[in-house]
Protein chains: 2
Amino acid sequence: MTFVSASVTAIFSPFIHERPEKSGSYGVGFTIDSGVEARLSDGDGILLNGKKFLISPVEIVLEELDESGITLETDLPISCGFGVSGASALASGIEVSVRRNLGLSLMEVADLAHKAEVLCRTGLGDVVTQFHGGVVARIKPGSPSKSEVRRYPFSQKIDFLVLGKISTRDVLEDEIKRENVRKAGKKYLKEFLKSPSTDNLFRCSKLFAVESGLMDDEIADVIEAVESGGGMASMVMLGRAVFAVNGKKAFDEFKGQKFSAKITTCGVKI
Amino acid sequence: MTFVSASVTAIFSPFIHERPEKSGSYGVGFTIDSGVEARLSDGDGILLNGKKFLISPVEIVLEELDESGITLETDLPISCGFGVSGASALASGIEVSVRRNLGLSLMEVADLAHKAEVLCRTGLGDVVTQFHGGVVARIKPGSPSKSEVRRYPFSQKIDFLVLGKISTRDVLEDEIKRENVRKAGKKYLKEFLKSPSTDNLFRCSKLFAVESGLMDDEIADVIEAVESGGGMASMVMLGRAVFAVNGKKAFDEFKGQKFSAKITTCGVKI
């Protein structure tokens, strides 16, 4: 069994290049101790939590490695900003490589998963964050082997409230939205790097969510409620979801899926 | 609390440069799920398993970060090839950085720990292996930020038999010994990379131990006993110790400390 962490993006700035391995994003994200488990299966196709499921980047990875079936399990919500597609692609690739003795390095598999994500427009930085683990600042975009990161060893319990989905593809394909996100993402990546702490991560992430135009009123209300209770909160990119320190009590006032997880330095476990 | 894995070196080739950050080693090693736990302490000095202990690289790291005391716990044997000094230095550095909110990246702390190890001649590649985690081939020597590695996601239970100590410093300071190790290490790193599998790791590591002149008769006897029983075994660098797959039964014929651990992709946990 191969486990890959969810990746929670706090700040991002997309960078699209005609070559998928040069595409990616600047930004800051972190891995948590919830994620996706992958197991080789005898059958064909992709099973997610017991049901047939089409996850395009996983299909690309399986095809590339000449494998036909994989079984995935996760407690995470799908399409809500937890990098489930990236985790699924990376976990599937490593699981196949290990069980079939393909002798691929972790980096080779991670590059393959990143490329698959870019081609499907399902993510631009999750696989890089998941490959490294921890609080990961992506300071040069690209596939894991072409990108550059700084990792910070924060360790904190994070509370999550999930209100709904946002399609990564829609935001990435709308040129005006993308330009706003691009500018704000670069600005607040720089701001975070000036003082890489938990407090500053929440501050920069919230300002990014506002200036990029991605934050809506309901998300803003939730964040305000957490802050009134003495906690810190910001928006999960890209989902209609909030991540917080000491957010549990405030979250009780709102409907939506709630869970907690710890930031972990380990993105990949076998 | 910060945990850093033991690093078991299977193949190595020392590379000494006048600048410590350019010194390091080529080779192959792996991290296991036993290691060193570090906690900030109120008192002065280094406590290892409850006793005052002088671990020079840890002292250098503490001094550099302006901290006076740390408490370390480990089940591992000291000076037997498990990279306890490197794990102690890295775990101490991360623990101080996290608890004191120094905002250092994992790489900055790892570079500091590596430099301290090189200056004390206690290790040349352990910190690089521990920083990355997994089966780590070091293909360009140096500190974590200057070196290059390939990581492989093997997952295996490994049995260990520890017969005694070898001083890393003695081997590194004897020019003839060092030259033999240097040549054999580079040769078998290349051989391993041709087919990075568990079987080939044991094969290359054993040939390296013989050709480098580091294997003595007793170690050879233990390895033969494991192989007669259908297992695979080689010598831990640098310790009078053996690591094996399916070695437990054969180890029973020999005196020495015995334990088992799993290869892990996670070198650092907080």
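These are my notes on how two chains relate and how some of their helices pack.

**Ground rules.** I am working from a predicted model, where local features need pLDDT of at least 70, side-chain atom pairs count only at pLDDT 80 or more, and totals for chains, interfaces and linings use all residues. Residues are numbered from 1 along each chain as its sequence is written, while chains are lettered from A and ligands numbered from 1 in the order in which they are written.

**Entry 1: the two copies.** I looked up how chain B maps onto chain A: a rotation of 180 degrees with 0.0 Å of shift along the axis does it, at RMSD 0.0 Å. The fit is by least squares on C-alpha atoms of residues with pLDDT of at least 70 in both copies. That is the relation of a two-fold axis. In chain B, B:C266 has the C-alpha nearest the axis, 2.7 Å from it. Both copies use the same surface, as 100% of the contact residues of chain B recur in chain A; contact takes C-beta atoms, placed from the backbone, within 7 Å.

**Entry 2: α3(B).** I checked the helix covering residues 106-120 of chain B. Helices here are DSSP runs (H or I, at least four residues), strands likewise (E, at least two), numbered from the N terminus. Its end C-alpha atoms are 21 Å apart, in agreement with the expected 21 Å, which is 1.5 Å times one less than the number of residues. I found 11 of its 15 residues buried, so α3(B) is largely enclosed by the rest of the structure. Buried means 20 or more other C-beta atoms within 10 Å of the residue's own, all placed from the backbone. Among the buried ones are B:L106, B:D111 and B:H114. The cover includes β7 (148-152) of chain A, plus α1, α2, α4 and β12 of chain B. Just past the helix, B:R121 takes a positive phi of about 55 degrees.

**Entry 3: α1(B) against α3(B).** I found the two axes coming within 8 Å and crossing at roughly 135 degrees. Axes are lines fitted to C-alpha atoms, for helices over the stretch in contact, with angles from 0 to 180 degrees between N-to-C directions. The pair is therefore oblique. The residues that meet include B:P57 and B:I60 of α1(B) and B:A113 and B:A116 of α3(B).

**Entry 4: α6(A) against α7(A).** I read an angle of about 165 degrees, with axes 9 Å apart. That makes α6(A) roughly antiparallel to α7(A). Angles over 145 degrees count that way, under 35 as roughly parallel, 65 to 115 as roughly perpendicular, and the rest as oblique. The contact includes A:Y188 of α6(A) and A:L207 of α7(A).

Notes: Contact = placed C-beta atoms within 7 Å. Buried ≥ 20, exposed ≤ 12 C-beta atoms within 10 Å, placed from the backbone.
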